[in-house]
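Thanks for making the time this morning. Let me put the structure up, and then I will talk through one sheet and one helix.

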Amino acid sequence: MQSYDVVIVGAGHAGAQAAIALRQQGFTGSIALVGDEPELPYERPPLSKEYLLGDKSFERMLIRNAAFWEERQVTLLPCRRIAAVDHAAKTVADEQGEILGYGALVWAAGGEPRRLACPGADLPGVHVLRTKAHIDAILAALPQAEKVAVVGGGYIGLEAAAALTKFGKQVTVIEALDRVLARVAGEPLSRFYEAEHRAHGVEILTNAAVTAIEERDGRAAGVRLQDGRLVEADLVIVGIGIVPSVEPLLAAGAQGANGVTVDESCRTSLPDVYAVGDCALHSNGYAGGALVRLESVQNANDQASTAAATIAGKEARYEAVPWFWSNQYDLKLQTVGISTGHDATILRGDPAARSFSLIYLRGGKVIALDCVNATKDYVQGRKLLLVPGVDTAKLADTKVPLKELVPAE
């Protein structure tokens, strides 16, 4: 059995940053970074955007090159999926039964793409979006496909739809709720993006529940909807979120449900076990203290740095401002804060001008902003989050810079 001072499970943004941050904190112990893919740690956001379009090579997506990890004495263990955790023995075991010992364990395993639970969901021609291998499979299938159905009107589904239109494909987005982005954004933003996609030739179907993937010649041939309609498709892409990969931790007794619960220092309820990134369920002050999982590079990096500092013996708390982004066509959406639980919205600017912000309030305080081609609002608006005394009556006035609305201390 090989043992390491720190074993990091998951080689995405969170896992890679945990290893980097440990060395930055002066940690000199041994580190193993365990990933279930064959590649070096790489950035995931470009997968559904620049990589799918061919605008960014995989080499440019690497978080660090091979020499970096060797120089920092981080042992990379690819193609391994950890299946069990024994916190009493301080070991983990992979699916082949190989055991690794640890002094501290950082769980950064992220999640698996959520699959459809209907007949035909596992047919050839049905794809998901999460890894390089997933995108490579889509790219290999594209030359033979004319009609593409994207199931899921969240950000990843819309980003894929935007990219596929540039290949000249006939794209249909199928969303079960009454608007795209319904889980993460206010209605004005949803309607704006629906109109933009339709203007680019994408068909948007809302209130459209999927009941089956239809088959022809052993492959997916269309998506059957609850109302009986058939959306013909040579290729089906499913983008309906992720299932956090935490089963081994929960089986070992860690607290959690939709993710694994962590405290402000990213500790789980198991001794010397931390969790960071997409799978970490944490109380977030920008969500009113609610337990949330944040699927973003910002969250992955900042939680990883918090866990690394704690392991290195320093006081650290995760209190970072959440931010996200999405690129679709020539639209750059930048989000700061968490809009969940808002009780009012203010539209700043004109969506018809394709540059505007949607500002979310709760109890009279700004809690989040969605900024479309409005970088100044994004940069200045983050200083308004949860600040008392903001003159909300002036938020809609584009002639007043948001920085002027920050109350004097």
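**A sheet and a helix**

Seven bridges join E24 to strand E25, residues 355-362, and the two run antiparallel; helices here (H or I, at least four residues) and strands (E, at least two) are DSSP runs, numbered from the N terminus. Before going on, I should say that this is a predicted model, in which local features need pLDDT of at least 70, side-chain atom pairs count only at pLDDT 80 or more, and totals for chains, interfaces and linings use all residues. Residues are numbered from 1 along each chain as its sequence is written, and side-chain values use heavy atoms, with hydrogens and water left out.

Within that pairing, glycine 349 has phenylalanine 356 of E25 as its bridge partner. The wider setting is an open sheet of five strands in the order E22-E23-E26-E25-E24, with antiparallel pairing, where two strands pair if DSSP finds at least two bridges between them. Strand E22 (323-328) and strand E24 (344-350) stand at the edges with a single partner strand each, so one side of each has no neighbour in the sheet.

Turning to the helix, H1 covers residues 13-24, and its 12 residues reach 16 Å from first C-alpha to last, close to the 16 Å expected at 1.5 Å a residue, the expected span being 1.5 Å times one less than the number of residues. Because 11 of the 12 residues of H1 are buried, the helix is largely enclosed by the rest of the structure; buried means under 20% relative accessible area, exposed over 50%, and partly exposed in between, with a 1.4 Å probe and protein chains only. Just after H1, glycine 26 takes a positive phi of about 90°.
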